[in-house]
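Open the model in your viewer and keep the selection tool at hand. Each stop below says what to select and what is there.

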Amino acid sequence: MKLALDAKRLFFNTTGLGNYSCTLVQNLLQYSGAAMPELHLYSPNKSAKEFPFVAANSLEVHYGHGVSKSFWRSQGIVKDLKAHKIDCYHGLSNEIPIGLQKQHIASTVTIHDLIFKIYPKTYSFSERLVYDKKFYYAAQNAQKVIAISQQTKQDLVKFYGVEASKIEVIYQACNPIFYQLQDVNLLNIVRQKYQLPERFFLYVGSIVERKNLMLLLEAYAHQAKLRSVPIVVVGKGTAYEKKCKAYAQEKGLTDSLRWLHNLEQNSELQAFYQLATALIYPSLYEGFGLPLAEALLSKCPVIAAKTSSLPEAGGINSIYIDPHNSAALADILLQFVAETIDTKLMTQKGYDYALQTFDPKLLNSQLLKHYNSL
């Protein structure tokens with residue numbers, strides 16, 4: 001099978017859709033064996049970054065041409081796919097080119113979330129129009145759809161009327177580094193490098209209103225006893241981050257907060273998970289919730305909002321909270337501070353759940369079956 005993958009996000013995004021694309025390609029290369037399809041990557045532009053796994057495996061990489069790279073990616077690419085005798089096209093980031101059906105090229109698309117339909121005010125009007133048009137076209141015209149969670153599948157049925165039988169849920173795998181714990185020496189190096197305290201609560205993610213970091217700050221404002229265990233925030237934002245920092249200053253929480261916009265590599269992020277007292281993820285809505293899976297694989301307890309796909313990512317042994325009740329979150333955090341929760345049991349069962357549910361070999365096998373079904 002000649003399989004074409006939309007590689008724009010792989011080459012140009014280091015988080016989110018880029019992580020999904022990169023991990024998917026790496027897993028195809030590592031776990032497919034004799035079932036490995038002939039991979040062709042299509043990107044509108046060349047990337048300045050190097051991807052060793054691409055060069056090492058002699059993957060065919062094709063780049064956009066013509067006056068408009070945007071037009072090429074949305075329509076012009078179809079002529080190239082036909083010329084390259086592509087059997088199947090996989091849109092990795094919510095869209096597919098127009099005209100695949102006429103050229104008898106099989107197609108599938110991964111839809112990550114429909115958050116712009118659920119929280120429209122967090123997107124501009126023009127963004128909503130473009131996303132709605134692209135997502136709807138892809139969901140209706142691809143032969144099949146991959147949803148990265150049961151929640152996203154439900155949203156596709158609800159908002160776009162896609163037949164449930166057309167949608168297959170295949171969870172997102174984590175970066176390969178998360179499937180093996182970091183040793184004590186690296187943990188000590190990371191702790192010293194970032195001057196991490198012995199105990200801390202961890203927040204990972206962009207600092208936007210939907211992610212709901214304010215709930216955690218309000219919990220700390222409720223209970224002064226929590227301030228003995230600081231919050232380490234790994235992520236960045238704009239207006240909402242400023243709002244959170246202003247609130248923290250007003251409530252006297254500044255000394256209980258550490259802000260880190262970036263970590264140098266995933267191994268450091270995993271070390272943060274392993275060192276943390278717990279991951280706090282109070283997001284109002286997620287298509288999947290990758291930090292929960294990463295945390296569980298790193299043997300870090302998880303406290304998350306009981307919304308959208310988060311219980312899928314966190315499993316039954318994580319703790320779920322009302323994302324609008326900061327007092328309830330404060331009570332749970334106090335139990336961690338007082339060490340009255342069996343965190344060893346939480347982490348071991350959470351680890352087992354993540355290893356089983358997000359096993360890259362299993363997910364890659366599901367993906368290959370999906371391709372063959374086309």
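The tour starts at a sheet, moves to helices, and ends with single residues. Keep in mind throughout that this is a predicted model.

**Stop 1: the sheet**

Select the strands β10, β9, β8, β11, β12 and β13; in that order, these 6 strands form an open sheet with parallel pairing. Its edge strands are β10 (257-260) and β13 (319-321), each of which pairs on one side only. On average, neighbouring strands of this sheet are turned by 20° against each other, direction ignored. Strands of a sheet pair through backbone hydrogen bonds, either parallel or antiparallel.

Now select β8 (residues 201-204), which runs parallel to β9 and is joined to β9 by 4 bridges. On the other pairing to look at, β8 and β11 (residues 278-281) pair in the parallel sense over 2 bridges. Which residues are the bridge partners of Leu202 in β9 and in β11? In β9 the partner is Val232, and in β11 the partner of Leu202 is Leu279.

Next, select β9 (residues 231-234) alone. In a regular strand the side chains alternate between the two faces of the sheet. In β9, Ile231 and Val233 are on one side and Val232 and Val234 on the other, and all are buried, so both faces are covered.

**Stop 2: two helices on the sheet**

Show helix α9 (residues 213-222) together with the strands. α9 lies across β8, β9, β10, β11 and β13, and runs at about 170° to β9. Then show helix α14 (residues 326-337), which lies across β8, β11, β12 (302-305) and β13. The angle of α14 to β12 is about 180°.

**Stop 3: helix α11 and its partner α8**

Select α11, in which 9 of the 10 residues are buried. Among the buried residues of α11 are Leu269, Gln270, Ala271 and Phe272. What covers the buried residues of α11? The cover includes α8, β8, β9, β10, β11 and α12 (290-297).

Add α8 (residues 184-194) to the view. Two packed helices are described by the angle between their axes and the distance between the axes. For α8 and α11 (residues 266-275), the angle is about 95° and the axes are 9 Å apart. Because of that angle, α8 counts as roughly perpendicular to α11.

To see the contact itself, show side chains. On the α8 side are Leu186, Leu187, Val190, Arg191, Lys193 and Tyr194, which meet Ser267, Glu268, Ala271, Phe272, Gln274 and Leu275 in α11. The residues of this contact divide into 7 nonpolar, 2 polar and 3 charged.

**Stop 4: Gln182**

Go to Gln182, in the loop between β7 (167-169) and α8. Is Gln182 buried or exposed? Its relative accessibility is 16%, so Gln182 counts as buried. The side chains of Gln182 and Gln270 are joined by a polar contact of 2.7 Å. Leaving out residues up to four places away in sequence, Gln182 touches Ile177, Leu187, Ser267, Gln270, Ala271 and Gln274.

**Stop 5: Tyr285**

Select Tyr285, in the loop between β11 and α12. Tyr285 has a relative accessible area of 10% and is buried. Its side chain makes a polar contact of 2.6 Å with the side chain of Asp155. Beyond its neighbours within four places in sequence, the residues in contact with Tyr285 include Ile115, Gln151, Arg210 and Thr307. For a distance to check in the viewer, take the C-alpha atoms of Tyr285 and Asp113: they are 9.4 Å apart in space, while the residues are 172 apart in sequence.

**Stop 6: Thr152**

Select Thr152 in helix α7 (residues 150-160). With 1% relative accessibility, Thr152 counts as buried. Where does its side chain reach? The side chain of Thr152 reaches the backbone oxygen of His112 at 3.0 Å. Not counting residues up to four places away in sequence, Thr152 touches Ile111, His112, Asp113, Ala147 and Gly287.

**Stop 7: Leu3**

Finish at Leu3, in strand β1 (residues 2-6). Leu3 is buried, with a relative accessible area of 0%. One of the residues that Leu3 touches is Tyr371; others include Leu28, Pro37 and Cys88. Leu3 and Tyr371 are 368 residues apart in sequence, yet 8.6 Å apart in space from C-alpha to C-alpha.

Note on methods: Residues are numbered from 1 along each chain as its sequence is written. This is a predicted model: local features need pLDDT of at least 70, side-chain atom pairs count only at pLDDT 80 or more; totals for chains, interfaces and linings use all residues. Side-chain values use heavy atoms; hydrogens and water are left out. Axes are lines fitted to C-alpha atoms, for helices over the stretch in contact, and angles run from 0 to 180 degrees between N-to-C directions. Angles under 35 degrees count as roughly parallel, over 145 as roughly antiparallel, 65 to 115 as roughly perpendicular and the rest as oblique. Contact means heavy atoms within 4.5 Å. Ala, Val, Leu, Ile, Met, Phe, Trp, Tyr, Cys and Pro count as nonpolar, Asp, Glu, Lys and Arg as charged, and the others, Gly among them, as polar. Buried means under 20% relative accessible area, exposed over 50%, partly exposed in between (1.4 Å probe, protein chains only). A polar contact is a pair of N or O atoms within 3.5 Å; within protein, one must be able to donate a hydrogen and the other to accept it, and residues adjacent in sequence count only if both atoms are side-chain atoms. Two strands pair if DSSP finds at least two bridges between them.
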